[in-house]
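Dear colleague,

I am passing on the structure we spoke about, followed by an account of what was found in it. Please read the notes below with the coordinates open beside you.

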Amino acid sequence: MDITTLVDTFGSSLQTVAASLQSIENHIQEQAISLESEKTQLEARRAQVEYEERLLGEEEKQHRRERRLYAELVKDVDDLVETNDEILELNVGGEHFTTTKKTLCSVPGSMLEAMFSGRHSLKKEEGRFLLDRDPNTFRYVLAYLRNGQLNLPEDKEKQQAIYAEFDYFCISTKKQTIASFLKKEWVTTHVLTEHEDIVMCLRVVDGGKKLVTGSKDKTVRMWDTNTGKCLMTYVGHKNSVRHIKVIDDKLITASHDTSVKVWNINTSEIIHTLEGHTEYVMCIGVLNSESILSGSHDATIRGWNIVTGECFVEWKAHNGGVSCIKAIGNMVYSGSDDKTVKVWNFENRVPTCVRILEGHDQYVMSLSVKENRLYTGSWDKTIKVWNLADGECIRTLVGHSQGVYCVRVIGRVLISCSGDNTIRIWDTTTGVCHKILEGHKRHVMALKVVGDCIYSGSSDKTVRLWKPFPDSACSVSVLV
């Protein structure tokens, strides 16, 4: 075999081997691709299995959470039933009463509901909750909470004291309101004239036997409501006395001199002068027997301990002066020159605004809270009724021709006073004004209602006592 043939044969063999190797390589690549595809599918399947396992795990966790929440809910319901049926022992002015938490908390928004809701720690002595109230009037409140009936004694003075007790605990009765206010005529029984300037505020004390008034003449006076005689004058403020509260034997006054004073109501001695506001102090709200709130034209609200005289909290509440304030339990309500009302959660003495009520076109001058309703009087001449559950205005009362200085609510009856020199009596369920009381010659700026009596203070420098006719005498006593 010559060399040429040998080379050709060898080359042909190499080509055959190369072709075989290429075929093998192609097969291996195909196998590798197939294996890679299977690997990808296996990884995807593993991921799917892991995802499904996680889902099962989350579902199991969710089931466990739901079982735990259900168990907690059942426990809460059991606790609530047990708590509401809890027997409570009370020491009211030295007399013992037995009742249930459910009874004491049966009127939403009342002081008793706030006190016994569990949000506050109450003083106990020998296992009984202490209430420093007159047991002879408190028993009527407790009876009303138990059965909804109010059986009053015939003595008018005792009736006044009982109605004052209901008012103190922010509880209204149908018997008190409908017949007394909407169906009767009203007459002035006394006109008190010793103040030398505008009467800006007033407060009824001692079960309606006494009246305390504050004036632009810088003084506070105490009156006997039966005789109309001035019993005491409190001197110390350097400017108008704008608002008054009475807590036990302490008289609390807010003044345009930027201070709040704490007095011994029986001796007229000044116990504390609370200073810190930079402008007029317009209003006072009572937190408890030792603590108050004050609202000022400086747009702030301050909290004070009236025993020590210390300020324990201050916050900027509005974009304008704070003109009115009300504290019930852990909730605080404030009205302002910025035309709004704010609702505050004041738990642990930390103010948190939870709702802003807007709708008035001018200053909010006054407010009143009864159960689940908030009532506001404004310089825009209207009164608005708000649903506290959702903050919606459900009714606007129109009738006054000037700004509304003050609103008081008893049951379904609202009583208002205005710069138009009148007092109006409204049915809040219909918005109808049933009575207009006329007698003051200038703006009626202050108003208080206790039982069947209305007390009003005016910029005509007088205080008037109104009673329904014919329950009262027709003659009018003018005392100077």
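Contact here means that heavy atoms lie within 4.5 Å of each other. On that basis, among contacts in the chain between residues at least 6 apart in sequence, 46% join residues at least 24 apart. Please keep in mind throughout that this is a predicted model.

As to the chain overall, six helices and 33 strands are assigned, and 47% of the 480 residues count as buried. The accessible surface of the chain comes to about 24,000 Å², with carbon and sulfur atoms accounting for 49% of that area.

The interior may be the best place to begin. The largest nonpolar core has 24 residues, and those with the most contacts inside it are L90, L112, F116, F138 and I171. At least two residues of this core come from each of β1 (87-92), α3 (111-115), β4 (128-131), α4 (135-147) and α5, with α4 giving the most, namely five residues. For F116, once its neighbours within four places in sequence are left aside, the contacts are with L88, L90, K101, L104, C105, L122 and F129. There is also a second, separate core, of 20 residues, which includes I415, L447, I454 and W466.

Helix α5, one of the contributors to the largest core, covers residues 156-168 and spans 18 Å from its first C-alpha to its last, close to the 18 Å expected for its 13 residues. Its buried residues are Q159, Q160, I162, Y163, A164, E165 and F166, and the helix is followed by C170, whose phi is positive, near 55°.

On the surface, V17, L21, I24 and I28 make a nonpolar patch of about 380 Å². L21 belongs to helix α1, which runs over residues 3-84, and this residue counts as exposed because its relative accessible area is 52%, where exposed requires over 50%.

The salt bridges may interest you in particular; the count comes to seven, and three of them are described here.

In one, the side chains of R139 and E95 meet at 2.3 Å, N to O. Because R139 lies in helix α4 and E95 in strand β2 (residues 95-100), the pair ties together parts that are 44 residues apart in sequence. R139, at 32% relative accessibility, counts as partly exposed, and E95 is likewise partly exposed at 29%.

In another, K435 pairs with E185, the closest N and O atoms being 2.9 Å apart. Since K435 sits in strand β29 (residues 432-438) and E185 in strand β5 (residues 185-192), this pair ties together parts that are 250 residues apart in sequence. K435 counts as buried at 14% relative accessibility, whereas E185, at 47%, counts as partly exposed.

The remaining pair described here is E314 and R302, whose side chains meet in a salt bridge at 3.2 Å, N to O. E314 is in strand β17 (residues 311-316) and R302 in strand β16 (residues 300-305), 12 residues apart. Here E314 counts as partly exposed at 45% relative accessibility, whereas R302 counts as buried at 12%.

With best wishes

Key. Residues numbered from 1 in each chain as written. Predicted model: local features only at pLDDT ≥ 70, side-chain atom pairs only at ≥ 80, totals over all residues. Heavy atoms only, no water. Helix = DSSP H or I, 4+ residues; strand = E, 2+ residues; numbered from the N terminus. Expected span 1.5 Å × (residues − 1). Buried < 20%, exposed > 50% of the residue type's maximum accessible area, 1.4 Å probe, protein only. Patch = residues over 30% accessible without salt bridge, like charges linked within 9 Å, V, L, I, M, F, W, Y side chains within 5 Å. Areas by Shrake-Rupley, 256 points an atom, 1.4 Å probe, with all protein chains shown as cover. Salt bridge = Lys/Arg side-chain N within 4 Å of Asp/Glu carboxyl O. Core = buried A, V, L, I, M, F, W, Y, C linked by side-chain atoms within 4.5 Å.
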